[in-house]
Amino acid sequence: MAQISLSFEGVDDAELINRITTALMMVDGVESAEVGRHGAEVDGRVRREALIEALAPLKVKVR
């Protein structure tokens with residue numbers, strides 16, 4: 001199982017953090033996701049690109 005770190009910009013409220021968490025957890029292969037204002041730590045068998053794609057509809061800027 002791999003751990004992938006994502007860094008965010010512009011995430012400033014709990015509602016968006018909850019939406020990010022839900023989007024990441026829905027990606028096939030994700031076992032867990034710890035999300036905060038500045039980023040996320042995701043465990044599972046998943047590609048970084050798939051995580052970034054899942055966040056695109058939320059307009060989250062991933063670094």
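Begin by selecting I4 and V42: the bridge partner of I4 in strand 3 is V42. The model on display is a predicted one, and this pair serves as the point of departure for the tour.

**Strand 1 and strand 3**

Extend the selection to residues 2-9, which form strand 1, and to residues 39-44, which form strand 3; the two run antiparallel and are joined by six bridges. Further pairs may be picked out along these strands. L6 stands opposite A40 of strand 3, while Q3 stands opposite D43 of strand 3. When the side chains are displayed, a general rule is useful: in a regular strand they alternate between the two faces of the sheet.

**Strand 2 and the hairpin**

Select strand 2 next, together with strand 3. These strands run antiparallel, with five bridges between them, and they form a hairpin in which three residues lie between the two strands. Within this pairing, A33 has V42 of strand 3 as its bridge partner. S32 stands opposite D43, also in strand 3. V42 thus appears as bridge partner both of I4 and of A33, and D43 stands opposite both Q3 and S32.

**Strand 4 and the whole sheet**

Now add strand 4 to the view. Two bridges join strand 4 to strand 1, and this pair also runs antiparallel. E9 has K61 in strand 4 as its bridge partner.

With the four strands displayed together, in what order do they stand in the sheet? The order is 2-3-1-4, in an open sheet with antiparallel pairing. Strand 2, residues 30-35, and strand 4, residues 61-62, are at the edges; each has a single partner strand, so one side of each has no neighbour in the sheet.

**Helix 1 on the sheet**

Select residues 14-25 to display helix 1, which packs on the sheet and touches strand 1, strand 2 and strand 3. The direction of helix 1 makes about 165° with that of strand 2.

Within this helix, select I20. Is I20 buried or exposed? The residue counts as buried, because its relative accessibility is 0%. Display its surroundings: leaving aside residues up to four places away in sequence, I20 touches F8, V11, V35, L55, L58 and V60. For one of these, V35, a distance may be drawn from C-alpha to C-alpha: I20 and V35 are 7.4 Å apart in space and 15 residues apart in sequence.

Move then to T22, also found in helix 1. T22 has a relative accessible area of 45% and is therefore partly exposed. A distance to V35 may be drawn here too: the C-alpha atoms of T22 and V35 are separated by 9.9 Å, and the two residues are 13 apart along the chain.

**Helix 2 and the helix pair**

Select residues 48-55 for helix 2, which lies across strand 1, strand 2, strand 3 and strand 4 and runs at about 35° to strand 1.

Keep helix 2 in view and restore helix 1. The two helices pack at an angle of about 135°, and their axes are 9 Å apart. Helix 1 is therefore oblique to helix 2. The crossing of the two helices is right-handed. Which residues make the contact? On helix 1 they are I20, A23 and L24, and on helix 2 they are L51, A54 and L55. Of the residues in this contact, six are nonpolar, none is polar and none is charged.

**The loop before strand 4**

For the final stop, select K59, in the loop between helix 2 and strand 4. Is K59 buried or exposed? K59 is exposed, because its relative accessible area is 75%. The backbone deserves inspection as well. As a general rule, most residues other than glycine have a negative phi. The phi of K59, however, is near 60°, a positive value in a residue other than glycine.

Note on methods. Residues numbered from 1 in each chain as written. Predicted model: local features only at pLDDT ≥ 70, side-chain atom pairs only at ≥ 80, totals over all residues. Heavy atoms only, no water. Pairing = 2+ DSSP bridges. Contact = heavy atoms within 4.5 Å. Axes fitted to C-alpha atoms, helices over the stretch in contact; angles between N-to-C directions. Parallel < 35°, antiparallel > 145°, perpendicular 65-115°, else oblique. Left-handed = near helix turned anticlockwise from the far one by under 90°. Nonpolar A, V, L, I, M, F, W, Y, C, P; charged D, E, K, R; others polar. Buried < 20%, exposed > 50% of the residue type's maximum accessible area, 1.4 Å probe, protein only.
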